[in-house]
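Reader: Could you take me through one part of this model closely, namely the place where the two chains meet, and set the scene with the chain it belongs to? Keep it relaxed, but give me the cut-offs as you go.

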Amino acid sequence: MYDSGKVIAGLVIFVAIATFPFWFGMGKAAPMPKPEILTKGQKCVESKEYMRSTHMQLLNEWRDWALRDGKRLYENERGEKIYISLQNTCMKCHSNKDKFCDKCHEYASIKPYCWDCHYVPKESKKWN
Amino acid sequence: MELKRRQFLKIAGAAGLLGAGAAQGLFEGTAQASRVMHPEGALIGKRWAMVIDMRKCGEKEGCNDCINACNFVHNIPHFDTPKEEIKWIWKDEYEHVFTDISTLDPYVPERIKELPFLVMCNHCDNPPCVRVCPTKATFRRPDGIVAMDYHRCIGCRFCMAACPYGSRNFNWRDPRLGLKGRKLNYEFPTRMRGVVEKCNFCVERLAKGKMPACVEACKEGALTFGDLADPNSEVRKLLSENYALRRKPQLGTKPSVFYIIA
């Protein structure tokens with residue numbers, strides 16, 4: 001092999017740079033977010049597991065049902081009837097957006113545009 | 001190892017079945033379609049309409065009750081420049097509201113020419129804004145209300161060009177900038193920059209069994225809201241007893257807002 005010294009040194013440098021993010025971040029996993037729930041003991045629209053995994057789909061369906069079909073009452077698995085509204089139903093309990101919604105969204109680096117329009121009274125102090 | 005045709009088919013079949021099962025498991029969580037319905041006491045109509053009685057509207061000079069009520073209920077921002085202003089219901093003069101008859105017939109009493117005509121989205125039967133919207137962000141509900149889904153609006157402003165009544169406004173700036181220091185209605189969202197907005201005939205209030213905010217706010221009883229399809233409704237009674245105009249009828253849009261002039 002010609003120039004084996006240079007080639008091997010180059011390879012070593014390349015591998016070191018390419019794997020830099022992995023060994024630099026080793027053992028420094030960001031802690032799991034702990035969203036704060038204000039209303040302990042109260043039940044959410046659906047079960048905790050369902051809300052955790054599927055709240056985004058539920059919100060999309062709620063949006064279409066309320067806005068496009070004009071039907072604003074939702075009967076959940078437990079048979080309870082709930083008024084469909086992000087701002088007036090969800091955020092009445094989860095009124096601490098910065099300590100609840102934002103916690104996981106920031107962890108997962110997700111920027112949902114819900115809050116371009118919907119808001120909680122506390123949050124609105126920033127711009128009102 | 002050489003695979004026989006028969007073996008290959010068996011393995012492929014088993015793998016396919018497994019894959020289908022896994023895919024089903026993936027999508028199971030999404031469609032937990034429980035029931036959705038109208039809330040109890042919601043006002044449900046077939047063809048919502050508004051009658052504006054100009055004999056009563058002009059009575060109190062400088063009255064802005066309906067406009068203020070709407071601005072508050074829907075968190076409508078205030079911007080000074082005409083290009084940026086947002087309005088769902090506002091006043092205009094006879095000449096601008098009835099552009100056609102006012103040019104054809106100049107012999108109209110001065111008194112009428114000076115009346116503060118209230119204008120808003122006409123919630124047309126044949127809405128040009130709906131026809132041109134490329135994303136179906138604006139659509140006509142079965143009850144006649146021309147509604148907007150701000151989640152879908154891409155801000156192309158075709159609807160603004162299509163609307164012959166100028167009932168639509170574009171949010172050139174973050175509307176929240178125009179709400180600084182204003183009392184907010186915490187039950188209603190704001191809009192975001194880059195969407196078009198307009199009057200929604202208070203769908204969110206109808207769902208709760210309430211009349212539109214402007215109708216409720218008018219102390220003179222000049223605004224009447226009701227179902228055109230119901231022959232016993234208040235609006236039909238008014239229209240059968242009085243001669244009412246609609247804006248630009250020759251365009252064929254068939255507005256749902258009627259004006260009793262005199």
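Author: Let's start with chain B, whose secondary structure comes to 11 helices and 11 strands; helices (H or I, at least four residues) and strands (E, at least two) are DSSP runs, numbered from the N terminus. Chain B is more spread out than a compact globule, because its radius of gyration is 25 Å, well over the 18 Å that the globule rule gives for 262 residues. That radius is taken over C-alpha atoms, and the rule is 2.2 Å times the number of residues to the power 0.38. The C-alpha trace of chain B spans about 100 × 45 × 40 Å along its principal axes.

A word on the ground rules: this is a predicted model, where local features need pLDDT of at least 70, side-chain atom pairs count only at pLDDT 80 or more, and totals for chains, interfaces and linings use all residues. Residues are numbered from 1 along each chain as its sequence is written, while chains are lettered from A and ligands numbered from 1 in the order in which they are written.

Of the 262 residues in chain B, 34% are buried, meaning that 20 or more other C-beta atoms, placed from the backbone, lie within 10 Å of the residue's own (exposed is 12 or fewer, partly exposed is in between). Strand 11 (residues 257–260) of chain B is covered on both faces, with B:Val257 and B:Tyr259 buried on one side and B:Phe258 and B:Ile260 buried on the other. In a regular strand, side chains alternate between the two faces of the sheet. Strand 2 (residues 48–53) of chain B runs parallel to strand 11 of chain B, joined by 4 bridges, and B:Val51 has B:Phe258 as its bridge partner there. Strand 10 (residues 244–245) of chain B pairs with strand 11 of chain B in the antiparallel sense over 2 bridges; DSSP has to find at least two bridges between strands for them to count as paired.

Now for the meeting place. The contact takes 27 residues from chain B and 27 residues from chain A, where two residues are in contact if their C-beta atoms, placed from the backbone, lie within 7 Å. Strand 1 (residues 35–37) of chain B gives the most to the side of chain B that touches chain A, with 3 residues.

That strand also pairs across the chains: strand 1 (residues 73–75) of chain A and strand 1 of chain B are antiparallel over 3 bridges, and A:Glu75 stands opposite B:Arg35. On the chain A side, strand 1 of chain A pairs with strand 2 of chain A, also antiparallel and over 3 bridges, with A:Glu75 opposite A:Lys81. Put together, 3 strands form an open antiparallel sheet in the order 2(A)-1(A)-1(B). Strand 2 (81–83) of chain A and strand 1 of chain B stand at the edges, each with a single partner strand, so one side of each is left without a neighbour in the sheet.

Helix 3 (residues 48–68) of chain A belongs in this picture too, since strand 1 of chain A is included in what covers the buried residues of that helix. Those buried residues are A:Leu58, A:Trp62, A:Ala66 and A:Leu67. After helix 3 of chain A comes A:Gly70, with a positive phi near 70°.
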